[in-house]
Amino acid sequence: MAVQMTPSSPNVNLIGLERADYKGKPSTLCKGCGHDSISARIISVAYDLSLKPTQVIKLSGIGCSSKTPAYFLSQSHGFNGLHGRMPSLATGATLANRTLTAIGISGDGDTGSIGIGQFKHMVRRNIPLVYIVENNGVYGLTKGQFSATADEGQKLKYAGLNELPPIDVCLEAVVADCGFVARSFAGDPRQVEALLKAALSHRGTAVLDIISPCVTFNDHEDSTKSYSYGKSHEQVINDFTFIPAREEITVDYEPGQAADVRLHDGSVIRLKKLDHSHDPTDRFAAMRLLEEAHQKQEFITGLIYVNESRPTFPELERLPDEPLARLPEERVRPSREALAKVIAEFA
Amino acid sequence: MSVTDVQRGALVSDVLDTPAGVNNFSIVAATVNGSGSQTANTTLLRALFKMGIPVSGKNLFPSNIQGLPTWFSIRLSKDGYIARREKSEILVAMNLATAAEDIANLPPGGVCILPSEWHLKEDRSDIIYYTLPVQQMAKDSGATADRRPYVANMVYVGALTELLGIDPAEIESALNYHFDGKPGPVKLNMGVVEAAIKYTKEHIVKSDPYRVERMNANQGKIIIDGNNASALGAVFGGFTVAAWYPITPSTSLIDALTEHAKALRVDPQTGEHTYAIVQAEDEIAALGMVVGAGWAGARAMTSTSGPGISLMTEYAGLAYFTEVPAVVWDIMRMGPSTGLPTRVSQGDVLSCYYLGHGDTRHVCLLPANMKECFEFGWRAFDLAERLQTLIFVLSDLDLGMNLWMTDPFDYPEQPMDRGKVLSAEDLQRLGGFHRYEDVDGDGIPYRTIPGTDHPKAAYFTRGSGHNAQAAYTERADEWEANLKRLAKKFATARTLVPKPVVDEVPGAEVGLIAYGSTDPGIVEARMFLEKRGIKTSYLRLRALPTEDIFQAFAHKYARIYVVENNFDGQVHKILQTEAPDVAGRMVSIAHCDGLPLTSRWIAQAILEQER
């Protein structure tokens, strides 16, 4: 099949859709919510990558973050499921139809507390989906309780002082051998988009932990999940360019200045080598990086770990290319003769 | 109290259940679990089955891997009665720890076969003792020391073969079946059987009346356990995704599903599977996977038991409200709580029927035999997709894990019913659709499968308030309209679920209602009652909610006994709400001690009411 390289008009993408075709319903979140900016990034990336909306599914748990799939990609089927249980929904849906692109939206409560078990097992199984944690350190919909990702020593108006250490979603993902782990900041749209694009080309589970300030409950001056904290403390660990499979590689670095990570679909993550920059293909380095950042209370962002080698769950299950959900009756109901043969074994 | 003996009430002698003689008695083998006695017991069962004698086998086993007492009872009934009996005429005592109690439970005239090495005092003069040097014969078999406890069980197979007149050739062919034709173990075990036959011939003088004769009652029949039959049904129902978590007594259903799917649903050329079976991290995730798969268009199922049902509650409510098709098998065991994992009850009917918070109701199918386990195995998917809802199939440990004779299963005659699914072409023609709109007046809306390539195909699924357009709503009128449509859909379900099986007797004043594994007990109890002059009509429920046939039956009989194996009389309670105007006619006959109901107990309980 010939790949169309340029859109037919400046206002449409390669599959002839306009940006508006990727929009969702108007958001009902608080004005200025980090989650809305992430939804905008998803819309933008889906348009740029010319994703066919009908071939995307959106899944979420419960909470402010989990409402957002209604606010992007209206032409995609969405399932706003149960609190902390979206990974199992995604597991079933991607087994039923492995050809769909799955985007999961979760929050820090949804993933870090009630859903930590399903999260770990989703990563362990390498379910093919982009799993975004819209992380604000606080329960918004129930009005301001600490979540498990809140930093030690954080204060909230009603909840008081948090004396427990945070759960690091990225570290949990790396430990469970996730093949794509990144952290970003909703206030850094360029990086969010680059990471999202790369994540969508990853073959298995891609975890994006995006710090996404809650303007109502956790955006105060001494919060480590606020806009101002993010803007002043973000430390970008690597600089990279994502080159989709169908595009020519035009970003050029001097020899020795760049390293390529080739993704399953032929696209490339071209990492610019900086002094002391993190090598995201090194799993132990990724763990060390995250643990050191935690100890030094540093807010690091970027591509933390990438490894394309693990087979995805549908691959391990030896599923055919066509979706199980669409197999015709003759492929899923054995014959009359087959029944007679089995029955004879019990005679 | 031993599990081999359950008697209650002062009227025990009122119902006579004292078979004797040819092809009409029970054998119980009392052994230690993990000792390989299953090989001996199923060999006996199979040999008797192949001799054309109606048989049923029940395994009363502990929730343990090795070392605790277990009993296997085999009932032979020339008249074809297969319910559990309270007494067995022949005891094979192979467990010293329970021997005293096991022997005490023998009826007068009973037979006790035991190892001579025990040197047990034979202190009951009203029974017959036969002793065999079991340990010596195991030693003489040539088996390695670690295999001796296993082959020791073959000594009683041999003794019974000789004493009862079982055809040794049938024992050998049953061993061949059990060991898949492997000559080594067949020869070893058959050697012990033959030695025991010889010993019995030479040293034991038979003085009991029990023996077997070839019959021709099992022509064309097979012998299978319910979990196997159910799994086979699912395979022929075109299941595509199954997710589960290990739990007794449901695990063997998934084991069988895996085995049959490997044999029947793997492309021999490519090695591709037309299915996925996932062992989940817990039952919450298991049903989550199933709901995700059902939403995305798969024929999805899970299988669990009581504690798993508790964990699945949250997803069951979501699937009900978002209208996702899927099938949940519940192989019921004893609750509450962990209860008794290896004992039977019908204790989850109320919880499954209403599983979930808010006003939630689920369609429940109630298989009573192997053919229905198979049939509901495939039909549940048709119903789930037609009704866009969860279908619970409530089997139980007795059905699921015991071996039953059955006629072969019927191939599903009608094509798979995928329900009201709109394709891209349909959407092109219609110009769009509303996910929760009642277009046809039956309460069942139309759905699209994710991936349907049309810009109007998508809808948003949520467990929160939604209107006919699947949009979020907090409007009172829209909320109520949706619940009313769901109620209408449930009314439609009444017309689609399997109808009850009714046997009406002219002149009967008493109606019996039962379901599931109590059926064999009811069948025999009706014979007992008829002998006592009480004619009964019988309605066997095969699904909830109920429908017209139940209503007619409930309104016809002055006294209706609802018989079930649980403590609270769960279906009795449901039926009283289904037919409130005649609720007072319905009497609960419920019993729950972990064992299948016996026909004598059922007859006795009804007699007490009727006198």
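How many residues does the contact take from chain B, and how many from chain A? Before I answer, a word on what we are looking at: this is a predicted model, in which local features need pLDDT of at least 70 and side-chain atom pairs count only at pLDDT 80 or more, while totals for chains, interfaces and linings use all residues. Residues are numbered from 1 along each chain as its sequence is written, with chains lettered from A and ligands numbered from 1 in the order in which they are written.

Now to the contact, which takes 57 residues from chain B and 49 residues from chain A, where two residues are in contact if their C-beta atoms, placed from the backbone, lie within 7 Å. On the side of chain B that touches chain A, the elements giving two or more residues include helix 7 (226–236), helix 10 (306–322) and strand 16 (460–462) of chain B, and the largest share, 9 residues, comes from helix 9 of chain B. Helices (H or I, at least four residues) and strands (E, at least two) are DSSP runs, numbered from the N terminus. That side of chain B divides into 37 nonpolar, 14 polar and 6 charged residues, with Ala, Val, Leu, Ile, Met, Phe, Trp, Tyr, Cys and Pro counted as nonpolar, Asp, Glu, Lys and Arg as charged, and the others, Gly among them, as polar.

Strand 16 of chain B deserves a second look, for 3 bridges join it to strand 2 (residues 77–80) of chain A, and the two run parallel; strands pair if DSSP finds at least two bridges between them. Within this pairing, N80(A) stands opposite R462(B).

Turning to the chains themselves, chain A has 12 helices and 15 strands, and its radius of gyration, 21 Å, is close to the 20 Å that the globule rule gives for 347 residues, so chain A is as compact as a globular protein of that length. The radius is taken over C-alpha atoms, and the rule is 2.2 Å times the number of residues to the power 0.38. Of the residues of chain A, 53% count as buried, meaning that 20 or more other C-beta atoms lie within 10 Å of the residue's own, C-beta atoms being placed from the backbone.

In chain B there are 19 helices and 22 strands, and buried residues make up 55% of its 611 residues. Its radius of gyration is 26 Å, which agrees with the value near 25 Å that a compact globule with 611 residues would have.

Note on methods. Buried ≥ 20, exposed ≤ 12 C-beta atoms within 10 Å, placed from the backbone.
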